[in-house]
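Work through these exercises with the model open beside you. Try each task before reading its solution.

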Amino acid sequence: LRAALRLGIKTGLYHWPRYDLSLKSDIATVYRELNELDDIDILTACDHAAADFVLIHHPPILKVIPDRLPDIETARLGILVNQLPWRPSLGEECYYDRVDAEAECVRVFRKLPTWLPISPVVRRLLVESGYSRLAPEDWIPPLGDIVDLISAPRTGVPDPGRPPVVGRHGRDHWTKWPASDTELRQAYCADTGFPVRFLGGCESVRERLSKWPGNWHSAEFDSVPVTDFLAQLDFLVHFTHPDYIEEFGRNVMEAMAAGVPVLLPCRFRETFGDAACYCDPEQVAGRIEAMWADESSYREQAARGLRFARHWAGDAAVERRLADAVSGRLLAVKPQK
């Protein structure tokens, strides 16, 4: 929305709750405040509008269509795939079906949609599942409110006089942690000389472990701003359950934008390339020790992460994608091989 404002693009918002999660959710304060601006309007079901581009921001909402919607005539329609249609490894339910979703788009908006993957992993899985109407470029999530990190990242260097601080921030779910207690403790450097800090997401871990490691410290989610939390870290570690398919990993990119080197499981390489360091859980502590002892290696890894965040998630990238979508350049579907 802020990119649209900078580009002079008038935007209409329609509040469409996801039926299987909540029908009581209100419009968040930030959107009501943006609605006070001249070029952002909140639409109602009684409104009629014409658009160059309509963006459906979460495909599971298409599984249940509201009885009443605004009447919108649009030149182009895109669906941002920030959640896969299913979790095949975990045997979860189908969140939406491609054929049904496209049929509903034609019925409601009179247009076939273009699917906008948020990462190379999402793109690959969609193609393997028969999706063909894909945008030629992935829509990597923007940094949003913390975009200033990439213009003023931390400039710290390893300090041999103290141990490195390791951390993680994220929501609480068993899929967000390694499968075994041994791998969990290894990945997050339990009972080592490293202070380890968690911001949110620890309840499922506390239920698993009979003893909380002495070097682990946790804080409630949102108890401190993410930017302040990242400023405390020397490394971010993010190891998830092997059966979990993460569409992207926003917390990873936030750390990169702050100039914090990141350690991930090898399966994340498809998304982040050389922007992160990859290893197995038992290798994490050794990799951190080696990088902490080598200033040039530490600086180089931090710089690679920062370049990734700037290139894919900075203001310029978001504005370019949005301008291309409105004009039709980005939504020119390329045939899949």
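## Exercise 1: Helix 4

The buried residues of helix 4 are Val121, Val122, Arg123, Leu125 and Leu126. This is a predicted model.

**Task.** Find what covers the buried residues of helix 4, then check what follows the helix.

**Solution.**
- Step 1. Start from the buried set, which includes Val122 and Leu126. Residues three or four places apart in an α-helix point the same way, because a turn takes 3.6 residues.
- Step 2. Look for the cover. Strand 6, strand 7 and helix 9 are among the elements that cover these buried residues.
- Step 3. Move past the end of the helix. Gly130 follows helix 4, and its phi is positive, near 95°.

## Exercise 2: A three-stranded sheet

**Task.** In what order do the three strands of the open sheet lie, and is the pairing parallel or antiparallel?

**Solution.**
- Step 1. Read the order across the sheet. It runs 4-6-7, and the pairing is parallel.
- Step 2. Pick out the edges. Strand 4 (54-56) and strand 7 (114-117) each have a single partner strand, so one side of each has no neighbour in the sheet.
- Step 3. Add the twist. From one strand to the next it averages 30°.
- Step 4. Inspect one pair. Strand 4 joins strand 6 (residues 77-81) in the parallel sense, over three bridges.
- Step 5. Find a facing residue. Leu55 stands opposite Gly78 in strand 6.
- Step 6. Recall what holds such pairs. Strands of a sheet pair through backbone hydrogen bonds.

## Exercise 3: Salt bridges between distant parts

**Task.** How many salt bridges does the model hold? Trace the pairs made by Glu319, Glu270 and Arg162.

**Solution.**
- Step 1. Apply the cut-off: a side-chain nitrogen of Lys or Arg within 4 Å of a carboxyl oxygen of Asp or Glu. The count comes to 21 salt bridges.
- Step 2. Take Glu319. Its side chain meets that of Arg6 in a salt bridge, at 2.4 Å from N to O. Glu319 is in helix 12 and Arg6 in helix 1 (residues 2-7), 313 residues apart.
- Step 3. Widen the view. Arg6, Asp315 and Glu319 are linked in a network of salt bridges. Arg6 has 43% relative accessibility, so it counts as partly exposed.
- Step 4. Take Glu270. It bridges to Arg124, with the closest N and O atoms 2.7 Å apart. Glu270 sits in helix 9 (residues 269-272) and Arg124 in helix 4 (residues 120-128), so the bridge ties together parts 146 residues apart in sequence.
- Step 5. Check the accessibility of this pair. Glu270 is partly exposed at 33%. Arg124 is partly exposed at 35%.
- Step 6. Take Arg162. It forms a salt bridge with Asp234, the closest N and O atoms being 2.8 Å apart. Arg162 lies in the loop between helix 4 and strand 8 (166-169), and Asp234 in the loop between helix 7 (226-231) and strand 11 (235-237), so parts 72 residues apart in sequence are tied together.
- Step 7. Set the partners side by side. Arg162 is partly exposed at 32%, whereas Asp234 is buried at 2%.

## Exercise 4: An arginine in helix 12

**Task.** Is Arg321 buried or exposed? Which residues does Arg321 touch?

**Solution.**
- Step 1. Locate Arg321. It lies in helix 12 (residues 315-327).
- Step 2. Classify it. Buried means under 20% relative accessible area. Arg321 has 2%, so it is buried.
- Step 3. List the contacts. Leaving out residues up to four places away in sequence, Arg321 touches Glu137, Asp138, Trp139, Ile140, Trp312 and Leu330.

## Exercise 5: Positive phi in a loop

**Task.** What is phi for Cys189 and for Asp191, and where do these residues lie?

**Solution.**
- Step 1. Place them. Cys189 is in the loop between helix 5 (181-187) and strand 9 (196-199). Asp191 is also in the loop between helix 5 and strand 9.
- Step 2. Read the angles. Cys189 has a positive phi of about 55°, although it is not a glycine. Phi of Asp191 is near 55°, again positive in a residue other than glycine.
- Step 3. Check the cover on Cys189. Its relative accessible area is 2%, so Cys189 is buried.

Note on methods:
Residues are numbered from 1 along each chain as its sequence is written. This is a predicted model: local features need pLDDT of at least 70, side-chain atom pairs count only at pLDDT 80 or more; totals for chains, interfaces and linings use all residues. Side-chain values use heavy atoms; hydrogens and water are left out. Two strands pair if DSSP finds at least two bridges between them. Helices (H or I, at least four residues) and strands (E, at least two) are DSSP runs, numbered from the N terminus. Axes are lines fitted to C-alpha atoms, for helices over the stretch in contact, and angles run from 0 to 180 degrees between N-to-C directions. Buried means under 20% relative accessible area, exposed over 50%, partly exposed in between (1.4 Å probe, protein chains only). Contact means heavy atoms within 4.5 Å.
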